[in-house]
Amino acid sequence: MAEFSWDVRSPLDRALVVGPYGSTGDAGVSLTEIRNFDLIQVMARRGKAAETAKAAKARFGVAAPETPKAVGTTDATLIWSGPDQFLVLSKGGKHTIEALAPVFAGSASLSDQSHARALISISGAKARMALAKLSSIDLHPDVFPVGAAAATSMDHTSVTLWRGRDRAEAVFSLLVFATFAESLWNTTLDAAAEYGVAIAHAADLG
Amino acid sequence: MRIVCPFCGERELGEYTYLGDAKPQRPAADAGEDAVYDYVYLRDNIAGVMSEHWYHGGGCRAWLKVTRNTLTHEISAVEPTAGAGAAKVGV
Amino acid sequence: MVGSAQTHRLTSGGLIDRSTPLSFRFDGKTFTGFQGDTLASALVANGVKLVGRSFKYHRPRGILTAGSEEPNALVELRSGARREPNTKATTAELYEGLEAASQNRWPSLSFDVMAINQLFAPIFVAGFYYKTFMWPAKFWEAIYEPAIRRAAGLGRAASVPDPDHYDKAWAHCDVVIAGSGPAGLTAALAAGRSGARVILCEEDFVLGGRLLADGGMIDGLPAAEWIARTRGELAAMPDVRIMTRTTLFGVYDGGTYGAIERVNDHLPVPPEHQVRQRLWRIVAKRCLVAAGSIERPIVFAGNDTPGVMMASAMRSYISRYAATPAGRIALFTNNEDGWRTVETAIAAGLQVAAVIDARPDVSPAHRSLASKGGFPVLNGSVSAVDGGKNGVRKIAVSLTGGARAEVEADGLAVSGGWNPAVGLTSYHRGRPKWRDDIAAFVPDGAPPGMVAAGAANGAFGLGACLREGFEAGAAAAQDAGRSGNIGSMPVADDEAFSLTPLWHVAGKGKAFVDQQHDVTASDVELAQREGFQSVEHLKRYTTLGMATDQGKTSNVAGLAIMAAVTGKSIPETGTTIYRPPYVPVAIGAFAGHHRDENFHATRLTPSHHWAAEQGAVFVDTGLWKRAQWYPRAGETDWLQSVTREVKAVRGGVGFCDVSTLGKIDVHGPDAGAFLDRVYINSFSSLAVGKARYGLMLREDGIVYDDGTTSRLAEDHYFLTTTTAKAGPVMQHLEFCRQVLLPELDVQLTSVSDQWAQFSIAGPKTRDLLKEIVDPAEDLSNEGFPFMGAREVKLSGGIKARLFRISFSGEMAFEISVPARYGEALVRNLMIAGKPFGVTPYGTEALGVMRIEKGHVAGPELNGTTTAADLGLGKMMSTKKDFIGRVMAGREALTAPNRQVVVGIKPTDKARRLRSGAHIIPKGEVPGPDNDQGYVTSVCFSPVLDQWIGLSLVERGRERIGEIVRAHDPLRGEEYDVELCNSVFYDPEGGRQRG
């Protein structure tokens, strides 16, 4: 029997070139792809929203978001993705679909989205300027504070956008469908090029 | 045009898809051909306030009932449809 | 050639930077100007009066205004790929190396052959298109149109793609303000101090509006100092964004505004990575229109002579740019404001020849100014201008009482009063209302959330502008929920205002209403005589106001003249409907990033980059790039490659990326019941571990989509859709879930991007799979029967899903792995399949094999066919309700003579088939009466070694064996084809089950 290797390959594997892009000088925008994560969609069954919330609270120690928000726990981020549904983003196999199935048995339906998205972190002094070219929603700090989330569209492509904890400056996280990822990546580079871009990828959710 | 999604907040038109009049109810299985014919084909073309189905496909994927004035585009109400989210409906 | 060296520049003053001279070229001559000039002001400073030829008559034209309302001074800016036609010299910022050329003249601006059109003027009257070129019809395209296009027209667009980039962005605020004159600035101050988020748009490159030319004292400071102070205060507010070079051009529903920012139009080439222009969509709770007002001309004979200029424009050139349009000026005014030009001219040391004031009651102050200045004040009107391409020479005046006078001057300033800029406030069909006291239309019926302030609202005094702006800014901020301390209001005195309406002075010679479109007063009168009296008819018949300036200087005069000749009042005559954009916006700006390869978002399959490495040829399928075939060395055309791929599958094994199919997780206790309602066949009866082909109808009974759905658990189905319908089916299913069947407990999630899915097909499929699937998995016919579906482990421990389904008719499996393993899988399939000659195949081979098997696809599921038409009528369950059930039973959808799917093959085996050909009975004449259907899909069948096809043909299945005609008028072909069974290959289906 032949030897097979099962390398995982991010949908941005080819398009992402680590280093500077666009205008030279201090990069106004940092784009970092976070690779290899678990992402589980949790959708409450009819009449089971409260039960689902309870199960989430028991599992994660925090209430799952009921409005467009992202909630960080010690080892996962719960991101609102629609009415009575949220995404569980985690690393290291702690909250895989197999691990969560018993938690939500009978209360919610789970769908594995771990490979269905690419995750891009956007920060920098000009991050909002670049995002204004991609996103129609208002990202002013008063309107989109830390912990805000949105199920929205960029370039006619559905995305999930949220603002996690600041790291010196605002950090926006973007989940985009994997087959659209390269296209939206190129569009994002185009939008950010004038501000100078620092491109990287990382394994940690940060 | 901008529509205030009851789940997501105010969003631009591009995130939504229009379907049409939200008034007609799908007839029961035994309603007969005439009733289904009416449901499928006989739609009012209202110049004024109308209740419409819109899909927030570029956002939370909820189907919404939007009350809109077709002359001015003024939107006076937006509510979720009965089965949006995990609402328990009927028995 | 070097032009004169700023002979018409004052030695001091103006808002130009004399330390930064800029060299530029106009019609090949080199000139210099200064930083802070527009092209128009630099031309004025160089004594250039003639800048263009008019649209129809090729009359010499000069510069009429100093702003975006300019009808005459239109140039081709830049050259080559960046050439931009019809650019207003009055708004084009001067930059080093600017190149511009005049338009609509040949061979040169001063000697224009087409000026002969003036002699034929009678044929160019209103409606001349409709009258002159009526007959004979065939002459239109061949003779008239090319001749008109050469003779009449504006600038030439570049003939190669625009090399520059454009983009689009969103902005959000509480208050957006259009215009930064006194009202705009105080509005921004009040709103900004309240704590509101403010966007201040100014189309000029500096703030100030009319203050830049007219000055004044505000809060005890000269205007320039007050602007600088205000700008500083605004710039220090973090939530106030000042956007110069930005025109608010449109108003859209829900408080959305369009604005165009000319980011780098003031540079010859945008800096690297920067855009030329950016289109803004601004979402604002409130909008303040402080766009000012536009001075209007008076229509008189020769009013288009170079050197005739709006009085306010003349002030702008003298005060703001320190450039003198003339040495000896006359003023023709009907209002107080025009006199400011005389004051400005005197202060600049220019001669004043005379003031022609239509009002009988000129103020004592002005009379004393005249007597001090030694020039006459003539009560009357200008009846004609004597001059030509070199400018004004003499001005004929009809004095009140009938006497005549003549004034010698080389420049004539004209002021007919001011029209508030009512465009933005009228874009939602708001009709401006007439105000007698200022003889002008003012905004009325503005879109929700929008108000006008200052001159745009008919408040012409400086003090009033400051006050209205400040109050409107404070109110808008308050409406947006901001209540900070607005501080004190800037104050200034109001000027006196008096005006006697005067629109048109009768006289001999052409008197222009719309200078850009060459519409004269007599054209308006002719339109009235011919019955085109409604302003909307007047506009279309004469083309008044339809040029790129949208009639900013002509509309009101045109309808005033119409009112006069019809004996109606101006408000009775009314205005035409105003529509955006307020200024022309480049198509490139609307497209933004979305051009060329970025025209739309692109989706790539998990094996895309591997396929590209293999040299695959890709085809656009919706948003997807799909591998169409994989050419190999030595293959000279696509058919060779496709035929090889089909043979490789039928004889061995091949694989194809089918990840583009829509994939939906259907979860929940009622998932089976839900699918029973959306499919025509039953899915609640499907056993776990099995797959079933399903067909969905629209509610009107026509087929919507098809695909295979598998039951992976009691409460979990995995549904697939066609590639094309993935999005629409998801939307449809959500509609069923949320609206039609909300009582069912079911959850839907798209997993299209989660799974990389490949079809592996051919008699050696199982041999290949055994190499890659964990040996413990039973792939035998018993262990994994046809239509089986379950999770398996692959060698190496990866989990995959296997579906024993076949589109090709061969022994086949579809395998799916989580998408990030997709490329590894495809590489491993190549390794595992090497001993069996595994061959990747593309969508063409996929299509060939499905036609050979008679499987229907997009061309047959074309929105006109029923399940029965497709030969799938028996799938329709009679035991349950489903979407489309009742309407599918309608008489017309069950009629025996419907066009149904049937196979065709040419009687001449060597003939190539083409889809789209019509089917007509043999011996009949082609035509609608004999049309019995059409060919939907064709391919060259490597198995049968001939072309075959599928068709929709009336009663097709009852006519197997009949010879009919395929009629293809598009390609000019007609030939015999035989109707046959649509399953050309392995009709018993033994191969896929084996």
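These are my notebook entries on what I looked up in this structure.

**Entry 1: the kind of model**

Before anything else I noted that this is a predicted model, and I kept that in mind through the entries below.

**Entry 2: where chain C meets chain A**

I began with the contact between chains C and A, where 40 residues of chain C are in contact with 44 residues of chain A. I then asked which elements of chain C give two or more residues to the side that touches chain A. The list I wrote down consists of the strands β8 (166–178), β30 (603–604), β34 (662–667) and β38 (747–750), together with the helices α20 (765–772) and α21 (822–833), all of chain C. Of these, β8(C) gives the most to the side of chain C that touches chain A, with six residues. Sorting the residues of that side by character, I found that they divide into 14 nonpolar, 16 polar and 10 charged.

**Entry 3: chain B on its own**

I turned next to chain B, which has one helix and six strands, and whose pattern, when I read along the sequence, is β-β-β-α-β-β-β. Taken along the principal axes, the box filled by the C-alpha atoms of chain B is roughly 40 × 35 × 20 Å. How much of chain B is buried? I noted that buried residues make up 27% of its 91 residues. Looking at the contacts in chain B with a separation of 6 or more, I found that residues 24 or more positions apart account for 47% of them.

**Entry 4: a sheet in chain C**

Back in chain C, I followed an open sheet of five strands, in the order β2-β1-β7-β5-β6, with mixed pairing. At its edges stand β2 (29–35) and β6 (84–88) of chain C, and because each has a single partner strand, one side of each is left without a neighbour in the sheet. Neighbouring strands of this sheet are turned by 40° against each other on average, with direction ignored. I then looked at how β6(C) is joined to strand β5 (residues 74–77) of chain C, and found three bridges between the two strands, which run antiparallel. For one residue I also wrote down the partner, since I wanted a pair to find in the structure: C:L74 has C:K88 in β6(C) as its bridge partner.

**Entry 5: an annotated span of chain C**

Last, I looked up residues 901–986 of chain C, which an unreviewed UniProt entry annotates as "domain: Aminomethyltransferase C-terminal". In the model this span is 0% helix and 49% strand, and its end C-alpha atoms lie 18 Å apart.

Key
Residues are numbered from 1 along each chain as its sequence is written. Chains are lettered from A and ligands numbered from 1 in the order in which they are written. This is a predicted model: local features need pLDDT of at least 70, side-chain atom pairs count only at pLDDT 80 or more; totals for chains, interfaces and linings use all residues. Two residues are in contact if their C-beta atoms, placed from the backbone, lie within 7 Å. Helices (H or I, at least four residues) and strands (E, at least two) are DSSP runs, numbered from the N terminus. Ala, Val, Leu, Ile, Met, Phe, Trp, Tyr, Cys and Pro count as nonpolar, Asp, Glu, Lys and Arg as charged, and the others, Gly among them, as polar. A residue is buried if 20 or more other C-beta atoms lie within 10 Å of its own, exposed if 12 or fewer, and partly exposed in between; C-beta atoms are placed from the backbone. UniProt positions are given in the numbering used here, feature names are shortened, and annotations may be inferred rather than shown by experiment. Two strands pair if DSSP finds at least two bridges between them. Axes are lines fitted to C-alpha atoms, for helices over the stretch in contact, and angles run from 0 to 180 degrees between N-to-C directions.
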